[in-house]
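Here is a short set of exercises to work through with the model open beside you. Try each task before you read its solution.

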Amino acid sequence: AQPLWCGPSIRDGETFDVQYRAHGPTVRGAVQLEPGALRTRLAAPASGIAPGQTMVLYQGSRVRGSATITSATGTSATGTSATGTSAT
């Protein structure tokens, strides 16, 4: 499964506000595209990111894309489409 985009495809290195909890805060992060997935490098450490959660990428108030987290660390997350898994 692929990450889901809203509007033009996201470019490698593009930055977004990343939300990884439904009602949680956003964290600024840069996107690294990988085959069938994306990785976000967060500008600040984040806790509580877990596989199965949805990662949503915002530009201002506009949703630009989303992915399901498969693995995570404190400062990065990797994701695939909502039918996949991801966060590292």
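**Exercise 1. A strand pair and its partners**

Which residue in β3 does D17 stand opposite?

Before starting, a word on the ground rules. This is a predicted model, in which local features need pLDDT of at least 70 and side-chain atom pairs count only at pLDDT 80 or more, while totals for chains, interfaces and linings use all residues. Residues are numbered from 1 along each chain as its sequence is written, and side-chain values use heavy atoms, with hydrogens and water left out.

Solution, step by step.

- Start with the strands: they are DSSP runs of E with at least two residues, numbered from the N terminus, whereas helices are runs of H or I with at least four.
- Next, look at the pairing, which requires at least two DSSP bridges between two strands. β2 and β3 are antiparallel partners with 5 bridges, and a hairpin of 6 residues connects β2 to β3.
- Now read across: D17 faces R28 in β3.
- Finally, check the side chains. R28 and D17 form a salt bridge, with the closest N and O atoms 3.3 Å apart; the term covers a side-chain nitrogen of Lys or Arg within 4 Å of a carboxyl oxygen of Asp or Glu. R28 belongs to strand β3 (residues 26-34) and D17 to strand β2, 11 residues apart.

**Exercise 2. The surroundings of T15**

Find the residues that T15 contacts beyond its neighbours within four places in sequence.

Solution, step by step.

- Locate T15 in strand β2.
- Apply the contact rule, heavy atoms within 4.5 Å: T15 touches R28, G29 and A30 once neighbours within four places are set aside.
- Compare sequence and space: T15 and G29 are 14 residues apart in sequence, yet their C-alpha atoms are 5.5 Å apart.
- Inspect the side chains: that of T15 makes a polar contact with that of R28 at 2.9 Å. Such a contact is a pair of N or O atoms within 3.5 Å; within protein, one must be able to donate a hydrogen and the other to accept it, and residues adjacent in sequence count only if both atoms are side-chain atoms.

**Exercise 3. Salt bridges and their cover**

How many salt bridges does the chain have, and are R64 and E14 buried or exposed?

Solution, step by step.

- Count: there are 3 salt bridges.
- Take R64 and E14, whose side chains meet at 3.5 Å, N to O. R64 sits in strand β6 (residues 62-72) and E14 in the loop between β1 (4-5) and β2 (15-19), so this pair ties together parts that are 50 residues apart in sequence.
- Judge the cover: buried means under 20% relative accessible area, exposed over 50%, and partly exposed in between (1.4 Å probe, protein chains only). R64 is buried at 6%, and E14 is buried at 11%.
- Contrast the pair from the first exercise: R28 is partly exposed at 40%, and D17 is partly exposed at 23%.
- Add R39 and E34, with closest N and O atoms 3.0 Å apart. E34 is partly exposed at 25%.

**Exercise 4. From β3 to the core**

Describe how β3 pairs with β4, then find the core residues with the most contacts.

Solution, step by step.

- Trace the pairing: β3 and β4 run antiparallel over 6 bridges, and A30 is opposite R41 in β4.
- Look at the turn: the β3 and β4 hairpin has 2 residues between its strands, and G36 there takes a positive phi near 75°.
- Check the cover of β4 (residues 37-42): 5 of its 6 residues are buried.
- Define the core: a set of buried Ala, Val, Leu, Ile, Met, Phe, Trp, Tyr and Cys residues joined through side-chain atoms within 4.5 Å. The largest one has 14 residues, and those with the most contacts inside it are Y20, V31, L38, L42, I49, M55 and L57. At least two core residues come from each of β2, β3, β4, β5 (54-59) and β6.
- Zoom in on Y20: beyond neighbours within four places, its contacts include V27, I49, M55 and I69.

**Exercise 5. The whole chain**

What is the order of secondary structure elements along the chain?

Solution, step by step.

- List the elements: 0 helices and 7 strands, in the order β-β-β-β-β-β-β.
- Add the cover: 44% of the 88 residues are buried.
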